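Subject: Structure handover

Hello,

Here is the structure you asked to look at. Please open it first, and then read the notes below with it on screen.

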Amino acid sequence: LEPKEEFEHSSLAVDVMRPRRSDPPLAVLTQDSMTVGGVEALVESTRYSGFPVVVSQESPRLVGFVLRRDLLISIDNARKRQDGVVGASLVVFSEHPPAQAPDGPPPLRLRGIMDLSPFTVTDHTPMTSPDIFRKLGLRQFCLVSPRVTRRLLGIITKKDILKHMAQIANRDPDSILFN
Ligand code: ADP
């Protein structure tokens, strides 16, 4: 098989997704247990274009996806304009904020910037060509475990697919470059 065909016939989403075993874990947001300061620290310690939102660290069920740019703009605006929002304010992506101490700072509600139905595949979905990103207007998609649990497993960008295809091409000494 040509590398391109080999890729399309034998690669599964789980072979292409990040993190690889040697990578740091996925950088995720939790839906109602992180503070503004905690979110800022996570965003500033990475360069990723976006962050999956999960129920909690204990229950990493995917609930949505937030773009880095939208997070930074919203937090910056809230810190400037929204009374009482401070580093200790809770960031809430869920529909209803959890009960909080009455004397605590007000929560920052960011459900409005979350993609509530991010495109997902499961770990054994066969990979397709990187064209899927353009065709579906995606920047990335998430891998989740099948059925109702929807446990977040990983993330795939167009570059991840291109790198995987290049690796397959390099493994095959007879391969000609494919576009
Ligand atoms: P690109 O692949 O276009 O550079 P990103 O900067 O978003 O896009 O992602 C860089 C790499 O990090 C990719 O391999 C991607 O799979 C991975 N990645 C993206 N978002 C996250 C995240 N929130 N946590 C961990 N890894 C991520």
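A good place to start is Pro-19, which lies in the loop between α2 and β1. Please keep in mind that this is a predicted model. The peptide bond that joins Arg-18 to Pro-19 is cis, with omega about 0°. Most peptide bonds are trans, and most residues other than glycine have a negative phi. A departure from the second habit is found at Arg-150, which is not a glycine but has a positive phi of about 45°. Arg-150 sits in the loop between β8 (140-144) and β9.

Arg-18 also takes part in a salt bridge: its side chain meets that of Asp-160, at 3.5 Å from N to O. Asp-160 belongs to helix α6, whereas Arg-18 is in the loop between α2 (13-16) and β1 (29-30), so the pair ties together parts that are 142 residues apart in sequence. In general, side chains of opposite charge can pair when their charged atoms come close. The whole structure has 4 salt bridges.

Next, the ligand. Which residues come nearest to the ligand? Of the 13 residues around it, they are Arg-18, Ala-27, Ser-49, Thr-157 and Asp-160. So both partners of the salt bridge described above, Asp-160 and Arg-18, tie together distant parts of the sequence and are also among these nearest residues.

Three side chains place a polar atom by a ligand oxygen. For Ser-49, an N or O atom of the side chain is 2.9 Å from an oxygen atom of the ligand. For Thr-157, the distance from a polar side-chain atom to a ligand oxygen is 2.6 Å. For Asp-160, an N or O atom of the side chain is 2.5 Å from an oxygen atom of the ligand.

How much of the ligand does the protein bury? Taken alone, the ligand exposes 540 Å², and the protein buries 82% of that. The space that the ligand takes is the largest pocket. Elements giving two or more residues to the shell around the ligand are β3 (50-54), β9 (152-157) and α6 (158-171). The largest share, 3 residues, comes from β3. Sorted by class, the shell has 6 nonpolar, 3 polar and 4 charged residues.

Regards

Notes: Residues numbered from 1 in each chain as written. Predicted model: local features only at pLDDT ≥ 70, side-chain atom pairs only at ≥ 80, totals over all residues. Heavy atoms only, no water. Near = heavy atom within 4 Å. Polar contact = N/O pair within 3.5 Å; in protein donor to acceptor, adjacent residues only side chain to side chain. Areas by Shrake-Rupley, 256 points an atom, 1.4 Å probe, with all protein chains shown as cover. 1 Å grid on protein atoms, 1.4 Å probe; cavity = no way out; pocket = protein on both sides within 12 Å on 5 of 7 lines; lining within 4 Å. Sits in = over half its atoms within 2 Å of the grid points. Helix = DSSP H or I, 4+ residues; strand = E, 2+ residues; numbered from the N terminus. Nonpolar A, V, L, I, M, F, W, Y, C, P; charged D, E, K, R; others polar.
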